[in-house]
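This report describes a ligand site and the pockets of one protein model. The ligand contacts come first, then the pockets.

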Amino acid sequence: MPALTDTFVLSNGVHIQKLGFGTWQIPDGPDAYNATRTALDVGYRHIDTARAYGNEASIARAIRDSGIPRDDIFITTKLPAEIKDVSRAREVHAQTMAALDTDHLDLYLIHAPWPWTSIGSDHKAENIEIWKFFEELYDAGTARSIGVSNFDVDDLESLTAATDVVPHVNQIRWFIGNTQGPTTAWCKEHEILVEGYSPLATGGLLDNAEIKRIADKVGKTVAQVAIRYLLEYDVLPLPKSTTPSRIEENAAVDFELSAEDIAALDAITDTGR
Ligand SMILES: NC(=O)c1ccc[n+]([C@@H]2O[C@H](COP(=O)([O-])OP(=O)(O)OC[C@H]3O[C@@H](n4cnc5c(N)ncnc54)[C@H](OP(=O)(O)O)[C@@H]3O)[C@@H](O)[C@H]2O)c1
């Protein structure tokens, strides 16, 4: 399926598969192992994890056991949002590399500009120092690309004004009814690929009557329409599922939405932010 193998090209020339497999809230152990194995069997080649998800080691085992060459798989992980100190960042990065059992990451992200316990608090100065550490990893080839997550325009402006490498990616919460206009526009203008996390609004979109109407019309499921919507905007979707049939369903998004259907989806605003 082309969505699984087609790529976006990052500003540094690195290719990234257009559909990633999300792994938040998949417990370490058999759940994360089996879900990742299923995703790889279906054909996903891009896995999105984070140190904070606690499942890097199971994902690494699933990748190793799949027999698929490491270089055919794009692995993203994230430095926990709470870590705003470079010496701690070095330690946690080392733990990530050991858990993922790899000598390089394909994409390493700062998970958020602020700790989850104080969303919106100002850590701009610390993020600049963390980013310089990320630039070191990038220069060394330990991370083939580097980026951020949950950064808004203000966060991006402050970071890019004080550092050399413009983030290759910004991973943000992006789905029908929550399309992050200003941040998305800023990223496009600066050649930063937008990755959309929670493309199904963590399940919140699935009962939406208007999306269902369009899905029925085009002969697809609500999840497929919701995921396809991101691709229509060149935003990289990261759907998560532990259900094998849904893992497969979410990858079958090689269809196009008409301008009329996209306009109808654009008009939906009640998706519960
Ligand atoms: N950077 C960040 O701060 C951040 C934050 C949140 C998420 N993320 C990333 O984005 C990924 C996806 O976001 P998300 O986990 O919030 O959720 P999501 O992909 O928007 O939705 C997942 C939920 O929808 C269900 N589901 C999936 N496919 C379905 C289908 N075809 N039909 C019906 N139900 C379906 C799943 O259930 P089952 O699993 O039971 O099938 C699960 O409950 C995460 O896993 C993570 O990798 C990043």
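The model is predicted. A polar side-chain atom of Gln171 lies 2.9 Å from a nitrogen atom of the ligand. Ser149 and Glu249 also place polar side-chain atoms by ligand nitrogen, at 2.8 Å for Ser149 and 3.0 Å for Glu249. On its own the ligand has 910 Å² of accessible area, of which the protein covers 89%.

The shell around the ligand holds 29 residues, and the closest are Asp48, Ser198, Thr202, Ser241 and Thr243. By class, this shell divides into 11 nonpolar, 13 polar and 5 charged residues.

The ligand takes up the space of the largest pocket. About 680 Å³ of space lies in this pocket. Its lining has 29 residues, with Trp24, Gln25, Ser198, Thr202 and Lys240 the closest to the pocket centre. Strand 8 (169-173) and helix 10 (244-249) are the elements that give two or more residues to this lining.

The second largest pocket has a volume of about 220 Å³. It is lined by 17 residues, and those closest to its centre are Trp114, Asn150, Phe151, Asp152 and Asp155. Helix 6 (153-162) and strand 8 each supply at least two residues of this lining.

The table gives the make-up of the two linings.

| Pocket | Nonpolar | Polar | Charged |
|---|---|---|---|
| Largest pocket | 11 residues | 13 residues | 5 residues |
| Second largest pocket | 5 residues | 6 residues | 6 residues |

Strand 8 thus appears in the lining of the largest pocket and in that of the second largest pocket.

Terms used: Residues numbered from 1 in each chain as written. Predicted model: local features only at pLDDT ≥ 70, side-chain atom pairs only at ≥ 80, totals over all residues. Heavy atoms only, no water. Near = heavy atom within 4 Å. Polar contact = N/O pair within 3.5 Å; in protein donor to acceptor, adjacent residues only side chain to side chain. Areas by Shrake-Rupley, 256 points an atom, 1.4 Å probe, with all protein chains shown as cover. 1 Å grid on protein atoms, 1.4 Å probe; cavity = no way out; pocket = protein on both sides within 12 Å on 5 of 7 lines; lining within 4 Å. Sits in = over half its atoms within 2 Å of the grid points. Nonpolar A, V, L, I, M, F, W, Y, C, P; charged D, E, K, R; others polar. Points joined across faces, edges and corners; volume = space filled by probe spheres on them. Helix = DSSP H or I, 4+ residues; strand = E, 2+ residues; numbered from the N terminus.
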